[in-house]
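Got the viewer open? Here is a tour, one selection at a time.

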Amino acid sequence: MALLLGFLLLLGLCEDTMSEEPSSSQYRPGGLEFQLPPTSYQTSDSYDPGPAGLFFHIVRLFVQIVQPNAFPEDILRKTIQKKFDPSKEYDKIIYYEIGIIICAALGLLFVVLMPLVGFFFCLCRCCNKCGGEMHQRQKRSGPFLKKCYTISLLVICVFISIGIIYGFAANQYMRTRVEETRKLSDSNFNDLRTLLNVVPGQIDYILDQFTHPKEKAFDDLDNINSLVGDGIYEHLKPKVLPVLKDIKDLAKDMKANRDTLVQVNTVLTDVKHSSAYLRTSLRDVKTSMEQTLTDPQCSFPAVAPTCNSIRKSLSVLDDSANFDHLPSLDGHITQLDGLLQTDLSSLVQKANESLSNIPEEVQNQTRDFITEFKKTLNSIQSDVKNISTKIPIQKTLSSFVRYINNSEDYILHYLPTMEECDSYRWLVCLVVCCLLTLILTFYLLGLLCGTLGYDQNATPTRRGCVSNTGGLLLMVGAGFSFFFSWMAMTTVVLTFVAGGNMEKLVCEPYRNKKLFQVLDTPYLLNEDWKYYLSGLVLNKPDVNLTFEQVYSDCKENKGLYATLKLDHIYNVSEQLNITKHTGDINSNLENMNIRIEDIELLDKTGMKTLMDLRSSGIDDIDYAAYLNATERSPTRVNLISFANDIQRKANQLPSGRLKTSLKSHADTLINIHQNQVIPLQNSMSTMNKQMKTLHYRTSGLKVRVSTTIFFLNSTQDFLTSQLSKIVVEESKQFGSKIISYFEWYLQWVEMTITQQFAACKPAATAVDSAVNVFLCSYIVDPLNLFWFGMGKATMLLLPAVIFAVKLAKYFRRMYSEDVYEDDPVNKVQSKPRVQTVPGVQTVPMVQTVPMKNMRHANSRARAEQGTQTI
């Protein structure tokens, strides 16, 4: 039995196996629940970027539109196999990167052309071209165009500001997340150490769980009287108890029938005596009345009819009930007295006690066996607990601990360098954002000053200082746009090429597991191995063990045994054979011998009593005769009515001795009815009820007793032939129950080792933290959001420059303006007259359409004569 559970942990630890989440067993003994204690980890298995996630998703959609081509699996496979020649297959790279190349080319074109265009634009303005002349021609659509330019520039500024906000937010987001990298790294390495540290504890825990089935078995052994004894009793109870109940009921009915017979026999004697006395009393009254009717007065014609009528009615004065033909019940009473000498109830109670003592008998017979069996289980537990000392788990885990420590040292060594590089990146991106913010500030201030200082009644040469300042700010913003936008676009192009390719080549294929599928290509990483991972781990390259499957299983927190398919090295199911490991317990339980002596339900005396009861003849009593006799009236006529009739007729007679005698006889009849007839009626009614009860109880007595005897014999035969089998069956069930505890424990051990032990979720979390969280979420996503926002803002500088230059003409103070002389009579178009100011270049005269109510405008010298026209 040292093997019983001795092997249970050896398997996975020989190959550093284990896993998570046990599947449900077909049978689970009540009160036995096994579960490894949960292990808590610091690192979350999912990353939530918060509100920024929406913007990251928008940028990913934009990258997908720019670069819709599928992941270049073939190129990557050839690159890994060193079979890809970029000089010969560059067309595949160009085809895949065509979207990014076009966008990058447009960006570079912007970088080259923007400062060049700005240079020639400045030269053109200095030559009073391209709107450089400080003269504004008056047009009817001027106010409308100013509003359109203002609104357009304002809208463009709003979109530019959104892009700049994206840039600032993404730049700071990346810096904040990079600063959290150390914490992320520490939590992942701590989780991996926790995983390694918890493995020995899980081994001890699994071994210690043997205590639960052992204690459960101890409890059952201590309660074997109820578990086995009560089981035997429950098997016998449906067969035995009904028969014993019938015998007990027969015994109870015998005693009740005997008492009823005694009562009926006593009442019968009283009734016979009362009936004879009533008969004598009625005869005497009848004789006396006949003598009274011989009175001479009855010969009188007036009295004769009454006397004759009374004389004729005397024939009914007689009793109608005769009980002399009813035999006495003394013989039946004597017979029942003899049967009652055998106390059937005591015999039944003795049989019940024999059944009830079965649990105690089982307890007494198994006392020594239980003691020895407990010693065996305690010995098994000691052997199981010593298993952990024979497993070289610490030596195996130490290599993993060294690998984790080396990896952590490597990361911590280069982490400060990465943070320093990120600080430079943050500073460069911050400068670019600030430059665009400066340009946006000039545009917004120019719009604000120009709009607030604009006077629609003022002529171009008389515009206010605030309006002129607004126009100058717009021109400064346009100048800065030409000067700085190429720097911003250079940053955008560089981050776009890096971030876009990282998203398409690393992050996206990692999320949809295309990267794993490439690595799982047969014969890719090793030309001699079909599956690289199975060849590396199992030394069996034909086993279908893939990176994608291992990652997915670890992500679901499965264990190494199931994840790495270590059953190809060590088959847990074969080694944890239930029959093999529970053999010793089973053999011990088979030695548990329980013998229950035969139970006698009724001895020979009791059986003879039942036989005599069946032939007692109590059910053969002529109950009909007794019932008919007791159901009749004691007299043929109601004496009260008869006496009242005599009195009525006597009252019709003349006063005299005859009348007085007849009334006296009537009173006698009434007295007989009250003192004799009524008590006799009550006795007859009592006797009638008792006979009915007795008849009901004894009806079918022979059949009932015969049936009881039949089932008694059948049950006794059942006990004789089947009791030992029932005892053996209950003993086997008890043994199976004890075995089931250890079977369930072994099943749980097997499921724990294969599915729950050493769950590798921290490994998958570490990979996610490195690629999905650090690289993609901390670096690529904010980097892409940065170039997305800054690229949009930089591109919008082009229309912003155009609208700013156009709008500045409406805000700045001009050096000259159109002057018209209206001829209201002839309405003849006249040429405009331009006045010049000394020291200021004369603006050429232009033919314009006179505007209604336009005042003559005089050129005036400006205080800013020395200001160079841009």
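What follows is a walk through a predicted model, from aromatic rings to salt bridges to a couple of loops.

**Stop 1: a ring pair.** Select Phe62 and Trp787, one of the 26 aromatic pairs in the structure. Their ring centres sit 5.9 Å apart with the planes at 50 degrees, so this pair counts as tilted. Now colour by sequence position: Phe62 belongs to helix 2 (residues 52–66) and Trp787 to helix 28 (residues 761–795), with the two positions 725 residues apart in the numbering. Switch on a surface, too. Phe62 is partly exposed at 32% relative accessibility, whereas Trp787 is buried at 4%.

Next, widen the selection by adding Phe55, Tyr166, Phe496 and Phe788: together with Phe62 and Trp787, these make up one aromatic cluster.

**Stop 2: salt bridges around Glu503.** Stay with helix 2 and pick Arg60, then add Glu503 in helix 15 (residues 465–511). Their side chains form a salt bridge at 4.0 Å, N to O, and because the two residues are in separate helices, the contact ties together parts 443 residues apart in sequence. Which of these is buried? Glu503 is, at a relative accessible area of 2%; Arg60 is partly exposed at 26%.

Glu503 has another partner to show: Arg511, at 2.4 Å, N to O. Arg511 is partly exposed, with 35% relative accessible area. Add Asp781 and you have one network, in which salt bridges with shared partners join Arg60, Glu503, Arg511 and Asp781.

**Stop 3: another long-range bridge.** The structure holds 23 salt bridges, and the one to select now is Arg182 with Glu419, at 3.9 Å, N to O. Arg182 is in helix 6 (residues 181–208) and Glu419 in helix 14 (residues 393–453), 237 residues apart. Arg182 is partly exposed at 32%, and Glu419 is partly exposed at 26%.

**Stop 4: charges over rings.** Select Arg175 and Trp426: the arginine lies over the ring face, 4.4 Å from the ring centre. Then try Lys374 and Phe218, where the lysine lies over the face at 5.3 Å from the centre.

**Stop 5: two asparagines in loops.** Go to Asn539, in the loop between helix 17 (532–537) and helix 18 (547–555). Asn539 is not a glycine, yet its phi is positive, at about 60 degrees. Then move to Asn557, in the loop between helix 18 and helix 19 (560–563), with a positive phi of about 65 degrees. Buried or exposed? Asn539 is exposed at 62% relative accessibility, while Asn557 is buried at 17%.

Note on methods. Residues numbered from 1 in each chain as written. Predicted model: local features only at pLDDT ≥ 70, side-chain atom pairs only at ≥ 80, totals over all residues. Heavy atoms only, no water. Phe/Tyr/Trp six-rings, centres within 6.5 Å; stacked < 30°, edge-to-face > 60°. Buried < 20%, exposed > 50% of the residue type's maximum accessible area, 1.4 Å probe, protein only. Lys NZ or Arg CZ within 6 Å of the ring centre and 35° of its normal.
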